[in-house]
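This report walks through a few local features of one protein model. Start with the sequence and structure below.

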Amino acid sequence: MVPIEKNMEKPVKAVMVQAFGGPEVLAVADLPDPHPAAGQVLITTEASGVGGIDALIRSGALAEYGATPGRILGSEVAGTVTEVGEGDTTWVGRRVWALTGESGGYAEQALAPAETLVLLPTDLSAVAAVTLGSSAMVAHFALRHAHFTRGESVLVRGAAGGIGVMAVQIAARGGAGTVAVTTSSAERGDRLRELGATHVLDRLGRGAPDAPAGYDVILDIVAGADLPSFFARLEPNGRMVAVGAMAGTPPADFGMEMVAAFRKSMSFATFSADTVPALERRAATAELFTAASRGELKAVVHEALPLEQAVLAHQKMEAGEVFGRIALTPSRS
């Protein structure tokens, strides 16, 4: 292992899930210094991204998939590499963005697989990096999964969150003929227009008389009971891709709406970035960071809060207040 100098006497602060439940189950804990194994690096964290997956893990919604209490939340961080396990030592001292997996990011020191590291442009802040990071990468590959091409119409369902605001921007940047969005308020709709949306609909897809009746691509971040109704919004040969389930899973028979319109040749797919090879994820994220540093994409930061205020961050998510993403920043003395 090749470290750079660290304060070895002070414990590392991290935010842990004490038990499944509401935001109040999060607590700051003092932990020993972590050390990277082979294939890992240790990052002194400047910012940690707060995402919907964190709320699902905290609530216990993903317990059947292996999530347990005692976990440190956080799937992405930005900061400086301070130590590496067996591997490329040239990363030491460099500012990077990284995926930690499904845990470990809400901490002053975070372990991450070396294969996820992306070098940060000098003019991109750590807060901007974790705001763009996984959200932009998922939106990019979800649109590719939908076979989106220039000139097509796109509807982003649930567009005010991290993935949604990036999908709007990336679709507009990619030459979409229409970028419609569903959202909860006129104020959020105005902000989404500033990011490239051309039509603003309510949560049920209503409210814009001039909006297209159908779309070539629907990116659905919400899912839930209303997902089947959006099949009626697909054009012939239209593609719906589910990239999240913030409102829960759709009804068990949701596909019947698509089968009922058999002659429209519609398709439905789910998308997880886990299916994209690591090298492709890194290359795409690096390009998206470069686009942001050129001003072609905007990091939509709702708020940057101290690490110790993780409970407040989750309360804001639960209340539906967040537009874009919240970041947590360690406050070292």
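What covers the buried residues of α4? The cover includes α3 (162-173), β10 (178-182) and β11 (199-201). Keep in mind that this is a predicted model.

## Helix α4

Helix α4 spans residues 186-194, and Arg188, Gly189 and Leu192 are buried in it. Viewed down the helix axis, the buried residues of α4 fall within an arc of 105°, so they line one face of the helix. Ala186 and Glu194 sit on the other side of α4 and are exposed.

Gly196 comes just after α4. Its phi is positive, at about 125°.

## Glu152 and its surroundings

Glu152 belongs to the loop that runs between α2 (126-145) and β9 (153-157). Is this residue buried or exposed? Glu152 has a relative accessible area of 14%. The cut-off for buried is under 20%, so Glu152 counts as buried.

The Glu152 side chain makes a polar contact with the side chain of Arg239, at 2.8 Å. Arg239 is also one of the contacts of Glu152 when neighbours within four places in sequence are left aside. The others are His147, Ala176, Gly177, Thr178, Asp216 and Val217.

## A nonpolar surface patch

Met256, Val259 and Phe262 make a nonpolar patch on the surface. Its area is about 360 Å².

Val259 is part of helix α5, residues 256-260. Its relative accessibility is 46%. Exposed requires over 50% and buried under 20%, so Val259 counts as partly exposed.

Definitions and conventions. Residues numbered from 1 in each chain as written. Predicted model: local features only at pLDDT ≥ 70, side-chain atom pairs only at ≥ 80, totals over all residues. Heavy atoms only, no water. Patch = residues over 30% accessible without salt bridge, like charges linked within 9 Å, V, L, I, M, F, W, Y side chains within 5 Å. Areas by Shrake-Rupley, 256 points an atom, 1.4 Å probe, with all protein chains shown as cover. Salt bridge = Lys/Arg side-chain N within 4 Å of Asp/Glu carboxyl O. Helix = DSSP H or I, 4+ residues; strand = E, 2+ residues; numbered from the N terminus. Buried < 20%, exposed > 50% of the residue type's maximum accessible area, 1.4 Å probe, protein only. Arc of directions from axis to C-beta. Contact = heavy atoms within 4.5 Å. Polar contact = N/O pair within 3.5 Å; in protein donor to acceptor, adjacent residues only side chain to side chain.
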